[in-house]
Amino acid sequence: MLISQHFSIPHISTGDMLRAAVKSGTALGQRVQRTMEAGELISDDIVLEMIAERLREPDAATRGFVFDGFPRTVVQAERLDEILAPVTIDLVVSLDIPTAVVVERIAQRRTCSGCGRVFSLAVPPKVDWTCDVCGGEVVQREDDTEEAVTRRLALYDAQTAPLIARYQAAGRLVSVAATGTIEEVAERVISCIGDRLGAAGEIGW
Ligand code: AMP
């Protein structure tokens with residue numbers, strides 16, 4: 001969110017899009033709800049259709065965009081290349097963090113059910129678990145239970161981690177230390193993007 005604000009580009013989070021579908025009870029939402037709550041991955045076809053549709057919106061065709069939580073499998077990465085061709089992804093940021101810190105962070109995490117803004121037990125909203133930004137209710141995500149988190153981390157190792165080598169081989173990967181506050185990590189990512197793409201004078205296309 002801080003990154004998309006900094007560069008004035010859309011933040012395309014497949015997790016946020018899926019949670020919005022669940023919340024509004026659409027056919028897609030009903031289809032994916034149980035899978036998400038269990039910490040399993042949604043099928044590549046569903047996610048890719050959602051992404052292709054999102055990329056057809058006008059705001060995605062101007063200065064680029066930042067994906068969050070996508071691609072998560074090799075199939076998603078391959079099909080993304082096809083969807084974007086002849087344009088390619090500029091940069092992939094791998095957030096490096098010890099597993100124990102992730103587990104602790106997720107246990108503490110509280111998320112706005114309206115806009116997706118992230119808070120925590122240590123840094124709560126100013127007023128009574130009401131989002132500082134949109135006034136939505138700030139809650140613990142259904143998939144932030146210990147069982148679902150364990151499953152999500154296992155799926156990350158099996159399905160998502162192989163993407164690191166893929167983007168590294170393509171010379172598109174940067175690794176950023178993800179310890180510290182949300183603002184500190186965002187600042188590191190913004191500076192990496194600036195170093196990498198700023199020289200060209202602009203981000204995106
Ligand atoms: P996130 O908000 O990125 O942690 O995603 C929350 C949940 O949404 C995941 O555990 C999956 O169930 C689903 N999800 C989000 N993005 C993807 C994706 N790219 N591929 C498959 N499932 C996804």
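**Exercise 1. Overall form**

What radius of gyration would a compact globule with 205 residues have, and what value does the protein have?

*Solution.* The model examined here is predicted.
Step 1. For 205 residues, the expectation for a compact globule is a radius of gyration near 17 Å.
Step 2. The protein has 17 Å, so the value agrees with that expectation.
Step 3. The extent of the C-alpha trace may be added: along the principal axes of the protein, the trace spans about 45 × 35 × 35 Å.
Step 4. The secondary structure consists of nine helices and seven strands.

**Exercise 2. Interior, surface and charge**

Determine what share of the residues is buried, what share of the contacts links residues 24 or more positions apart, and how the surface and the charges are made up.

*Solution.* Step 1. Of the 205 residues, 36% count as buried.
Step 2. Among contacts with a separation of 6 or more, 64% come from residues 24 or more positions apart.
Step 3. The exposed area of the protein is about 11700 Å², and carbon and sulfur atoms supply 53% of it.
Step 4. The protein carries 21 positive and 30 negative side chains. The centres of these two sets lie 1 Å apart.

**Exercise 3. The aromatic pairs**

Identify the aromatic pairs of the structure, classify their geometry, and state whether the residues are buried or exposed.

*Solution.* Step 1. A pair of aromatic rings is described by the distance between the centres and the angle between the planes.
Step 2. The structure holds two aromatic pairs. One of them joins Phe 65 and Phe 67, with 5.0 Å centre to centre and 50° between the planes. Planes under 30 degrees apart would count as stacked and those over 60 as edge-to-face, so this pair is tilted.
Step 3. Phe 67 also pairs with Phe 70, at 5.0 Å centre to centre and with 70° between the planes. The angle is over 60 degrees, and therefore the pair is edge-to-face.
Step 4. Phe 67 takes part in both pairs, and Phe 65, Phe 67 and Phe 70 form one aromatic cluster.
Step 5. The limit for a buried residue is under 20% relative accessible area. Phe 65 is buried because its relative accessible area is 15%, and Phe 67 is buried because its value is 17%. Phe 70 is buried as well.

**Exercise 4. Unusual backbone geometry**

Which residues are joined by cis peptide bonds, and which residues other than glycine have a positive phi?

*Solution.* Step 1. Most residues other than glycine have a negative phi, and most peptide bonds are trans.
Step 2. A cis peptide bond joins Phe 70 and Pro 71, with omega about -5°. Pro 71 is located in the loop between strand 2 (66–68) and helix 5.
Step 3. Another cis peptide bond joins Ala 85 and Pro 86, with omega about 10°. Pro 86 belongs to the loop between helix 5 and strand 3 (92–96).
Step 4. Asp 128 is not a glycine, yet it has a positive phi of about 45°. For Trp 129, phi is near 55°, likewise a positive value.
Step 5. Asp 128 lies in the loop between strand 5 (118–120) and strand 6 (138–139), and Trp 129 is also found in the loop between strand 5 and strand 6.
Step 6. Asp 128 counts as exposed because its relative accessibility is 66%, whereas Trp 129, at 33%, counts as partly exposed.

**Exercise 5. Two helical residues**

For Arg 79 and Tyr 156, state the helix, the exposure and the contacts beyond four places in sequence.

*Solution.* Step 1. Arg 79 lies in helix 5 (residues 74–84). Its relative accessible area is 31%, so Arg 79 is partly exposed.
Step 2. When residues up to four places away in sequence are set aside, Arg 79 touches Asp 45 and Leu 48.
Step 3. Met 36 is 43 residues from Arg 79 in sequence, and the C-alpha to C-alpha separation is 22 Å.
Step 4. Tyr 156 lies in helix 7 (residues 146–160). With a relative accessible area of 37%, Tyr 156 is partly exposed.
Step 5. Under the rule that leaves out residues up to four places away in sequence, Tyr 156 touches Ala 161 and Ile 164.
Step 6. Ser 113 is 43 residues from Tyr 156 in sequence, and these two residues are 24 Å apart in space, C-alpha to C-alpha.

Notes:
Residues numbered from 1 in each chain as written. Predicted model: local features only at pLDDT ≥ 70, side-chain atom pairs only at ≥ 80, totals over all residues. Heavy atoms only, no water. Buried < 20%, exposed > 50% of the residue type's maximum accessible area, 1.4 Å probe, protein only. Contact = heavy atoms within 4.5 Å. Rg over C-alpha atoms; globule rule 2.2 N^0.38 Å. Areas by Shrake-Rupley, 256 points an atom, 1.4 Å probe, with all protein chains shown as cover. Lys, Arg positive; Asp, Glu negative; His and termini not counted. Charge placed at Lys NZ, Arg CZ, Asp CG, Glu CD. Phe/Tyr/Trp six-rings, centres within 6.5 Å; stacked < 30°, edge-to-face > 60°.
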